[in-house]
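Let's take a walk through this chain together, beginning with its overall build and then stopping at its sheets and a few individual residues.

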Amino acid sequence: EDYRNEPNGFGWMVEIDPFKPDAAPIKRTHLGRFAHEGVVFAPVVEGKPVVCYSGDDARFEYIYKFVSAKPYAPGVDGAILDEGTLYVARFNADGSGEWLALAPGVNGLTPENGFADLADILVNTRAAADTAGATKMDRPEWGAVDPHSGEVYFTLTNNTRRTEAQVDPVNPRAKNQFGQIVRWREA
């Protein structure tokens, strides 16, 4: 009868193993809680961390990147996503960008600002991204990583609520009905 905490039960990525249909789904909390449109993996390289991207499919929300703490090895399972760092994108006016770590004690994510620990950050990922100073996007949805060049593409569906005062180089149109595609190359 009490639904005050209901929103905190949604927005997680859940892994379902198609090879073990009777196994319980596994929530991958280190990917954060927000309106995931999906998870896009960069090509894995043995001995390097797993990298994946996700868009928060809502107006004025964000693009995220997760980097596993452990390196990839053949045969490793989804547990590699249970430890690592979640980042949020900030796109700069000069066409460059940076990944802002969503981790305790950095980018304003302190107890004084309402983030006592990593759990607070992961449960309240959108608020953490706001505090860190990420770029508010026009509904980031689907993404892809070019396996040859490594360039990352993300579709931004639309944002008819963006005003002229909120336009920036990566979100160049007010009342954006048609969206755009943003592409970047990791350093």
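A word on terms first: helices and strands here are DSSP runs, with at least four residues for a helix (H or I) and at least two for a strand (E), and they are numbered from the N terminus. By that convention, F60 lies in strand β5, which covers residues 59–61. Please keep in mind that you are looking at a predicted model.

We will come back to F60, but let's start with the whole chain. The protein chain contains 2 helices and 12 strands. Read from the N terminus, the elements follow the order β-β-β-β-β-β-β-β-α-α-β-β-β-β. The radius of gyration is 17 Å, close to the 16 Å that the globule rule gives for 187 residues, so the chain is as compact as a globular protein of that length. Along the principal axes, the C-alpha atoms fill a box of roughly 50 × 50 × 35 Å.

A few totals add to this picture. Of the 187 residues, 36% count as buried. The accessible surface comes to about 10,600 Å², and 54% of that area belongs to carbon and sulfur atoms. As for contacts between residues at least 6 apart in sequence, 47% of them join residues at least 24 apart.

Now to the sheets. In general, the strands of a sheet pair through backbone hydrogen bonds, in either a parallel or an antiparallel way. One open sheet here has 5 strands in the order β3-β4-β6-β7-β8, and the pairing is antiparallel. Its edges are β3 (40–41) and β8 (97–101); each has a single partner strand, so one side of each is left without a neighbour in the sheet. Within this sheet, β6 (residues 63–71) and β7 (residues 84–91) pair in the antiparallel sense over 5 bridges. To see one of the paired positions, find S68, whose bridge partner in β7 is G84. Helix α2 (residues 125–132) packs on the sheet and touches β6, β7 and β8. The direction of this helix makes about 50 degrees with that of β7.

The loop between β6 and β7 is worth a stop, as D77 has its place there. Is D77 buried or exposed? With a relative accessibility of 53%, D77 counts as exposed, because the cut-off for that class is over 50%. A polar atom of the D77 side chain lies 2.9 Å from the backbone nitrogen of A79.

H36 makes a good contrasting stop, in the loop between β2 (26–27) and β3. The relative accessible area of H36 is 16%, so this residue is buried, the limit being under 20%. What does the side chain of H36 meet in a polar contact? The side chain of S54 is joined to that of H36 by such a contact, at 2.8 Å. Leaving aside residues up to four places away in sequence, H36 touches G11, W12, M13, L31, S54 and G55.

Further along the chain there is an open sheet of 3 strands, in the order β10-β11-β12 and with antiparallel pairing. The edge strands are β10 (140–145) and β12 (180–184), each of which pairs on one side only. Ignoring direction, neighbouring strands of this sheet are turned by 20 degrees against each other on average. β10 and β11 (residues 152–156) pair over 4 bridges, and the bridge partner of A144 in β11 is Y153. β11 and β12 pair over 5 bridges, with Q180 in β12 as the bridge partner of L156. Q180 also belongs to the covered face of β12, together with V182 and W184. I181 and R183 make up the uncovered face of β12.

To finish, let's look at two backbone details. F60, back in β5, has a positive phi of about 60 degrees although it is not a glycine. With 17% relative accessibility, F60 counts as buried. K175, in the loop between β11 and β12, is not a glycine either, yet has a positive phi of about 50 degrees. K175 is exposed, with a relative accessible area of 61%.

Conventions
Residues are numbered from 1 along each chain as its sequence is written. This is a predicted model: local features need pLDDT of at least 70, side-chain atom pairs count only at pLDDT 80 or more; totals for chains, interfaces and linings use all residues. Side-chain values use heavy atoms; hydrogens and water are left out. Two strands pair if DSSP finds at least two bridges between them. Contact means heavy atoms within 4.5 Å. Axes are lines fitted to C-alpha atoms, for helices over the stretch in contact, and angles run from 0 to 180 degrees between N-to-C directions. Buried means under 20% relative accessible area, exposed over 50%, partly exposed in between (1.4 Å probe, protein chains only). A polar contact is a pair of N or O atoms within 3.5 Å; within protein, one must be able to donate a hydrogen and the other to accept it, and residues adjacent in sequence count only if both atoms are side-chain atoms. The radius of gyration is taken over C-alpha atoms; the globule rule is 2.2 Å times the number of residues to the power 0.38. Accessible areas come from the Shrake-Rupley method with a 1.4 Å probe; for residues, only the protein chains shown count as cover.
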